[in-house]
Amino acid sequence: MANTLVVVPTYNEITNLPKIVGRLRQSVPFADILIVDDSSPDGTGEKADELSRQEDGVFVLHRSQKDGLGRAYLEAFSWGLNRPYHYIIEIDADGSHDPMELQAMHLLAEEGADLVIGSRWIPGGSVLNWPWVRRFISRSGNQYAKWALRSKINDLTSGFRVFRSDTLREMDLKRIASQGYCFQIELAWLAESSGLSVVEHPIKFLERTDGKSKMHFGIVAEALIKVTWWGISRRKP
Ligand SMILES: Nc1nc2c(ncn2[C@@H]2O[C@H](COP(=O)(O)OP(=O)(O)OP(=O)(O)O)[C@@H](O)[C@H]2O)c(=O)[nH]1
Ligand SMILES: [Mg+2]
């Protein structure tokens, strides 16, 4: 059995899903893949089942309704942690994250990092094809969250990560309550404030070319309000 699990959350990613699965097979052939689909109306779930029938080591979790990225990941983590994987990876299905970066990121985890974050906002990192408004929101949102939470992490919202499984086991995941981007902030901050070692690896982030972004005002608002509240109350997650 593979020692690494890549979790791919999907909602309406029917065009992107086969591409990301194919690219993952090339870049991390030693890893299993778990697709977590929230009953996408465009048939992504059925496409995932088809891929799972065609390929060994591709698994699917079907969730009954769109319930946010955070809950999808938590269910996937619990699936992975019940099996003997040493590493669990987060990656978006939309092609924004280059699976080729995973070799370097995986190595950093093997060398001892508890959590490796693929980071846009450190030297060597970049974002391609984003309008300036998106770039501004992500850059300044991350700077604000870093300041408010007194964190050392520059890309708290990144969804491209390698965890040692024990890292996730050591964290009290039941405390995580966020759904959107805020989930990624809360999870990284929980790792950092639990005293685990968090390392950032520079990545080139590419805007999706197919499918629709699930980003909306409510997700940004949730993050802003929660981060401010955590910062003020000095909540230790
Ligand atoms: N299972 C599940 N997956 C989701 C949900 N919301 C988003 N996703 C997936 O999570 C990943 C990130 O979502 P995106 O829509 O790309 O959001 P984003 O990357 O933050 O925004 P963009 O940069 O604009 O694409 C993608 O693979 C989505 O299909 C959800 O509620 N449930
Ligand atoms: Mg995206």
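Two strands count as paired here if DSSP finds at least two bridges between them. By that yardstick, strands β1 (residues 4–10) and β2 in this predicted model are joined by seven bridges and run parallel. One of the residues involved is Thr10, whose bridge partner in β2 is Asp37. To get from β1 to β2, the chain passes through helix α1 (residues 16–27), and this β-α-β crossover is right-handed.

On to the other neighbour of β2. Strand β3 (residues 58–62) pairs with β2 over five bridges, again in the parallel sense. Two of the pairings can be picked out residue by residue: Ile35 has Val60 as its bridge partner in β3, and Val36 has Leu61. A helix comes into this connection too, with β2, helix α2 (residues 44–54) and β3 making up a right-handed β-α-β unit.

So how does β2 itself sit in the fold? A residue is called buried when 20 or more other C-beta atoms lie within 10 Å of its own. Seven of the seven residues of β2 (residues 31–37) pass that test, so the strand is largely enclosed by the rest of the structure. Ala31, Ile33, Ile35 and Asp37 point one way from β2, while Asp32, Leu34 and Val36 point the other way, and all of them are buried. Asp37, the bridge partner of Thr10, is thus on the list of buried residues, as is Val36.

Stepping back to the whole sheet, seven strands line up in the order β3-β2-β1-β4-β7-β5-β8, forming an open sheet with mixed pairing. The edges are taken by β3 and β8 (198–202), which have a single partner strand each, so one side of each is left without a neighbour in the sheet. From one strand to the next, the twist averages 20 degrees.

Then there is the ligand. Ligand 1 has 21 residues around it, and the ones that come nearest are Pro9, Ala72, Ala93, Ser213 and Lys214. Sorted by class, this shell holds nine charged, seven nonpolar and five polar residues. Strands β1 and β2 turn up here again: along with helix α3 (69–81), each supplies at least two residues of the shell. In short, β2 pairs with β1 and with β3, is buried along its length, and also contributes to the surroundings of ligand 1.

Notes. Residues numbered from 1 in each chain as written. Chains lettered and ligands numbered in written order. Predicted model: local features only at pLDDT ≥ 70, side-chain atom pairs only at ≥ 80, totals over all residues. Buried ≥ 20, exposed ≤ 12 C-beta atoms within 10 Å, placed from the backbone. Helix = DSSP H or I, 4+ residues; strand = E, 2+ residues; numbered from the N terminus. Right-handed = clockwise from strand over helix to strand, strands pointing away. Near = placed C-beta within 6 Å. Nonpolar A, V, L, I, M, F, W, Y, C, P; charged D, E, K, R; others polar. Axes fitted to C-alpha atoms, helices over the stretch in contact; angles between N-to-C directions.
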